[in-house]
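User: I've got this model open and I'd like to know what stands behind the labels people put on it. Can you take me through them?

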Amino acid sequence: MQAAVSRHFTTHRLRILNDRSVNSLGLQASFRCLRQGTVSMYEIGYGASVAIEPGELPDFYVQVPLAGSGSVAIDGRQLRSTLSMAGPGQRLSMAWSADTLARVVIIRREAIEQALAARLGEVPSGPPRFESVLAGDGATGAWLRGLAGFADWAGAGLLDRSPLGQGHYEQLLVHGLLDAQPHSLADALSDRGAGILPSALRRATAYCAEHAHEPISVADMARAARVSPQSLRAGFRTHLQTTPLAHLRRVRLDLAHRDLQAIADGRGTGTVTDVALRWGFTHLGRFAQTYRHCYGVAPSQTLRRSA
């Protein structure tokens, strides 16, 4: 377990606290990798009462206890809850009961810094310091439920089937964390900026058209338009009566429509599901409903039409 966790996380010291917690069969430990990527997720249980002391952390770590009990300290300060997170440069120490099962999420430092750079217009001087305890309600509670959904998607294989959906979900978790959990750069992110100019809006819509096949975010669109995300949203609302993400979804829907027509005309192959997942529509029922609303027919009808 120590070797496996060190490979996936960071080197650490592991001590068994109570020999009686180890039964005659030895440590009944479990290590499950749900997903590796910009956002990686694991479920870990040591099967014994243990103390764990990693070195200085390189990335952002979120711990969500699923069963059992324990304690967590960051930089020598005992936290009031094991529902916690720590970041680069901090020192983490934990003690877990034998029946503890924890979900551990690792978010790459560069993903957080890239998200901040896109929204602030400059690279931050260092990683933000997040409040160590995660609340289970409000915006942070909603973000934690998003983590649970990410685990469900990974377990069902949906992230493997839809790389575009995976990229968007990872971006949702990264930017959602910056908006939900208090941190040292939160005040800088709250600046709403000036109103958007039509030229910036044209840059944003052109970027959507050129990069619709990629897992782009509002922050990416704002960076391409050279305005803040808040100004971008205001510009879309004022000039197009929509939101940046709604516009991006419509661009992708048009591209899905184009692909279905190509298949119907013999210029391509695939199914409605293939096309929907290709353009990031992972909820097939919602895709069909939106498609019918926009084009007046179901996707399957477009696929079956004669050339």
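Analyst: Sure, starting with a sheet: five strands line up as β1-β4-β9-β6-β7, open and with antiparallel pairing. β1 (12-16) and β7 (77-78) stand at its edges, each with a single partner strand, so one side of each has no neighbour in the sheet. Keep in mind that this is a predicted model, where local features need pLDDT of at least 70, side-chain atom pairs count only at pLDDT 80 or more, and totals for chains, interfaces and linings use all residues. Residues are numbered from 1 along each chain as its sequence is written, and side-chain values use heavy atoms, with hydrogens and water left out.

User: What makes β4 and β9 a pair?

Analyst: Two strands pair if DSSP finds at least two bridges between them. β4 and β9 have three bridges and run antiparallel, so they pass that rule. Within this pairing, Ala 51 stands opposite Ala 95 in β9. In general, strands of a sheet pair through backbone hydrogen bonds, either parallel or antiparallel.

User: What makes something a strand or a helix here, and how many of each are there?

Analyst: Both are DSSP runs numbered from the N terminus: helices are H or I with at least four residues, strands are E with at least two. On that basis the protein chain has 13 helices and 10 strands. Its C-alpha atoms fill a box of roughly 75 × 45 × 30 Å along the principal axes.

User: Which strands are at the edges of the sheet β2-β3-β10-β5-β8, and what makes them edges?

Analyst: That open sheet has five strands with antiparallel pairing. Its edge strands are β2 (30-35) and β8 (84-86), since each pairs on one side only. From one strand to the next the twist averages 20°. β2 is joined to β3 (residues 39-45) by five bridges, and the two run antiparallel. Ser 30 stands opposite Gly 45 in β3.

User: What makes a space a cavity, and how many did the search find?

Analyst: The search runs on a 1 Å grid over the protein atoms alone, and a cavity is a set of points where a 1.4 Å probe fits but cannot get out; a pocket is an open set with protein on both sides within 12 Å along at least five of seven lines. Lining residues have an atom within 4 Å of a point. Two cavities of 30 Å³ or more turn up in the whole structure. The largest has a volume of about 230 Å³, and among its 19 lining residues, Ile 44, Tyr 46, Gln 63, Met 94 and Val 104 are the closest to its centre. β9 gives the largest share of that lining, three residues.

User: How do you know what kind of residues line the largest cavity?

Analyst: Ala, Val, Leu, Ile, Met, Phe, Trp, Tyr, Cys and Pro count as nonpolar, Asp, Glu, Lys and Arg as charged, and the others, Gly among them, as polar. Sorted that way, the lining has 13 nonpolar, six polar and no charged residues. The second largest cavity, with a volume of about 30 Å³, has five nonpolar, two polar and one charged.

User: What is the volume of the largest pocket, and what lines it?

Analyst: About 1100 Å³ of space lies in the largest pocket. Its lining has 35 residues, with His 168, Leu 172, Leu 245, Arg 249 and Arg 252 nearest its centre. α5 gives the most, nine residues. The lining splits into 16 nonpolar, 12 polar and seven charged. The second largest pocket has a volume of about 210 Å³, and α2 gives the most to its lining, with five residues.

User: Why is Cys 294 called partly exposed, and how many disulfides are there?

Analyst: Buried means under 20% relative accessible area, exposed over 50%, and partly exposed in between (1.4 Å probe, protein chains only). Cys 294 has 27%, so it counts as partly exposed. Cys 33, at 35%, is partly exposed too. A disulfide here is a pair of cysteine sulfur atoms within 2.5 Å, and the count comes to zero. For Cys 294, the nearest cysteine sulfur is that of Cys 208, 16 Å away, so Cys 294 is in no disulfide.

Note on methods
Grid points are joined across faces, edges and corners, and a volume is the space filled by probe spheres set on the points. Axes are lines fitted to C-alpha atoms, for helices over the stretch in contact, and angles run from 0 to 180 degrees between N-to-C directions.
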